[in-house]
Amino acid sequence: MNPEAEPVVVRRIRPDDAATFRDVRLLALQTDPTAFGSSYEREVDRPFESWQTWAATTSAGNDQVMLVADAGDRLVGLAGAFRIEQKPRSLHLIAMWVEPEMRGKGLGRQLTAGVIEWARNADADELGLWVVDGNDVARRLYENHGFVATGRVQPLPSHP
């Protein structure tokens, strides 16, 4: 990373981020395929309009959010959350990822804290998430933010 580059800023996604959002999401799915409930193969052919809709619907409001780590010339991380339809006061954190070269710089902490702050303001009582067995770095990150393991497990489509 260029030392003269602009600092990375964690912010809420904007509707005009659809193309760079698609790029970082697909990179995440390629780089860490067993960390997500989706797969690169499932999302690579998604119509661009779908990415535009995802960016637009998560850019405002209290039912869903997508935060991005913006390095100025590209997005290098993301984390989102959505309201669980059957439990309207419960939210679920999703899509957490930071580019490998950017890990260890606090972006995961900033993204997680940002989602937690958004959840506090979104009239929610609960924020949950799933973490893949063996991803101890992510588990520690979440535990440091107050998440507690429940012991519940489920298979991932990408890694049954």
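**A tour of the aromatic pairs and helix H3**

Select Tyr 142 together with Phe 147: both residues are buried, where buried means under 20% relative accessible area, exposed over 50% and partly exposed in between, with a 1.4 Å probe and protein chains only. This is a predicted model, in which local features need pLDDT of at least 70 and side-chain atom pairs count only at pLDDT 80 or more, while totals for chains, interfaces and linings use all residues. Residues are numbered from 1 along each chain as its sequence is written, and side-chain values use heavy atoms, with hydrogens and water left out.

Go next to helix H3, residues 48–57, and select its buried residues, Trp 51, Trp 54 and Ala 55; helices (H or I, at least four residues) and strands (E, at least two) are DSSP runs, numbered from the N terminus. Viewed down the axis of H3, these buried residues fall within an arc of 95°, taken from the directions from the helix axis to the C-beta atoms, so they line one face of the helix.

Now search for aromatic pairs, of which the whole structure has four; rings of Phe, Tyr and Trp (its six-membered ring) pair if their centres lie within 6.5 Å, and planes under 30 degrees apart count as stacked, over 60 as edge-to-face and the rest as tilted. In one of them, Phe 21 and Trp 54, the ring centres are 4.8 Å apart and the planes at 80°, so the pair is edge-to-face. This pair links distant parts of the chain, with Phe 21 in helix H1 and Trp 54 in helix H3, 33 residues apart. Add Trp 51 to the selection, and Phe 21, Trp 51 and Trp 54 form one aromatic cluster.
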